[in-house]
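Reader: I'd like a close look at a single part of this model. Could you take me through one helix and the sheet around it?

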Amino acid sequence: MTLLSRRKLLENALRGAAGAWLGSMTLGRSAHAQLRAARLQPAGGAPLDLGGGMHVLRAGATNVLAVIDADGVALVDGGASTESTALLESVAELSGGKTVHTLFNTHWHPDHTGSNEPLGAAGATIVSHVNTKLWLTTDVTWPWNGETVLPLPKSALPTRTFYTEDELEVGGRTVRCGHLRDCPHTDGDIYVYFPDENVMAVGDAVRGDGWPEIDWWTGGWLGGIVGGLGTLFSGLDPVLF
Ligand SMILES: [Zn+2]
């Protein structure tokens, strides 16, 4: 796959095409959630090699970015807990058994944070927006389906949080994270950007096949879709960094 420029990826995402743009949609575990998965990587398919040690895997309907380096592996999102064992086995196979040292949570939803528990217990650094950590510490019951998501144990909670932005060195790579403060999906939405590779993961804040679903119960709202895209279009222009 040829890596496209980020602006091109945005344009493609808006047109419904696939790109190195990671996101998948599930609110709860409804059947139609499966239909909302981004088209980047078919479920059950082989990992998609983006080059430079970066691979896209599927954990259920969730895209997971695995970034392999000399020290181990960084993951952006971890699928649902029911998919975690299979996901981590795939990551181990892909990396030759390397340890996952870093996990990014693009937001709090359980279909993205289901590997927090095993990886947190194993000592991985878990990175998120501060609001994501707060949602993970409390019961959440969605009013539209009555589904209750229970809090995670302390060992599974993010260990490095930020409010506006953060920059890390992970396995020799620079990683820039930022809050999508307009909140298209939840109030803890973040992007995770690898500038040297020009690859960005945005969780459920942007979709390749339609509009993001708004979890208004935990802070997403309609105007956030416009604002979030505005942030990604303008504030992250590499020229500005
Ligand atoms: Zn979500």
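What follows H2, and what is the sign of its phi?

Author: Sure, with the ground rules up front. Numbering starts from 1 along each chain as its sequence is written. This is a predicted model, where local features need pLDDT of at least 70, side-chain atom pairs count only at pLDDT 80 or more, and totals for chains, interfaces and linings use all residues.

To your question: H2 is followed by Gly96, and the phi of Gly96 is positive, near 75 degrees. Helices here are DSSP runs of H or I with at least four residues, strands are runs of E with at least two, and both are numbered from the N terminus.

Now the helix itself. H2 covers residues 81–95, and its 15 residues should span 21 Å at 1.5 Å a residue; the end C-alpha atoms are 21 Å apart, which agrees. That expected span is 1.5 Å times one less than the number of residues.

Which residues of H2 are buried? They are Glu83, Ser84, Leu87, Leu88 and Val91. Buried means 20 or more other C-beta atoms within 10 Å of the residue's own, with exposed at 12 or fewer, partly exposed in between, and C-beta atoms placed from the backbone. As background, an α-helix has 3.6 residues a turn, so residues three or four places apart point the same way. The cover over those buried residues includes strands E3 (54–59), E4 (62–68), E5 (73–76) and E6 (100–104), plus helix H3 (116–121).

On to the sheet. It is open, with 7 strands in the order E2-E3-E4-E5-E6-E7-E10 and mixed pairing. The edges are E2 (48–51) and E10, each pairing on one side only. Two strands pair if DSSP finds at least two bridges between them. On average, neighbouring strands are turned by 20 degrees against each other, direction ignored. H2 packs on this sheet by touching E3, E4, E5 and E6, and its direction makes about 155 degrees with that of E3. For that, axes are lines fitted to C-alpha atoms (for helices, over the stretch in contact), with angles from 0 to 180 degrees between N-to-C directions; a contact is two C-beta atoms, placed from the backbone, within 7 Å.

E5 deserves a stop. Both of its faces are covered: Val73 and Leu75 on one side, Ala74 and Val76 on the other, all buried. In a regular strand the side chains alternate between the two faces of the sheet. With E4, E5 forms a hairpin that has 4 residues in between, and the two pair in the antiparallel sense over 4 bridges. Leu65 stands opposite Val76 there. With E6, E5 runs parallel, joined by 4 bridges, and Ala74 stands opposite Thr102. E5, H2 and E6 make a right-handed β-α-β unit: with the strands pointing away from the viewer, the path from the first strand over the helix to the second runs clockwise.

Going on from E6, 3 bridges join it to E7 in parallel. The chain crosses from E6 through H3 to E7, and this β-α-β crossover is right-handed. E7 (residues 125–129) is mostly covered, with 4 of its 5 residues buried.

One caution about confidence. The chain averages a pLDDT of 83, and 79% of residues score at least 70, pLDDT being the predictor's confidence in each residue from 0 to 100. Over residues 1–21, though, pLDDT is below 50. Where pLDDT is low, the predicted coordinates should not be read in detail.
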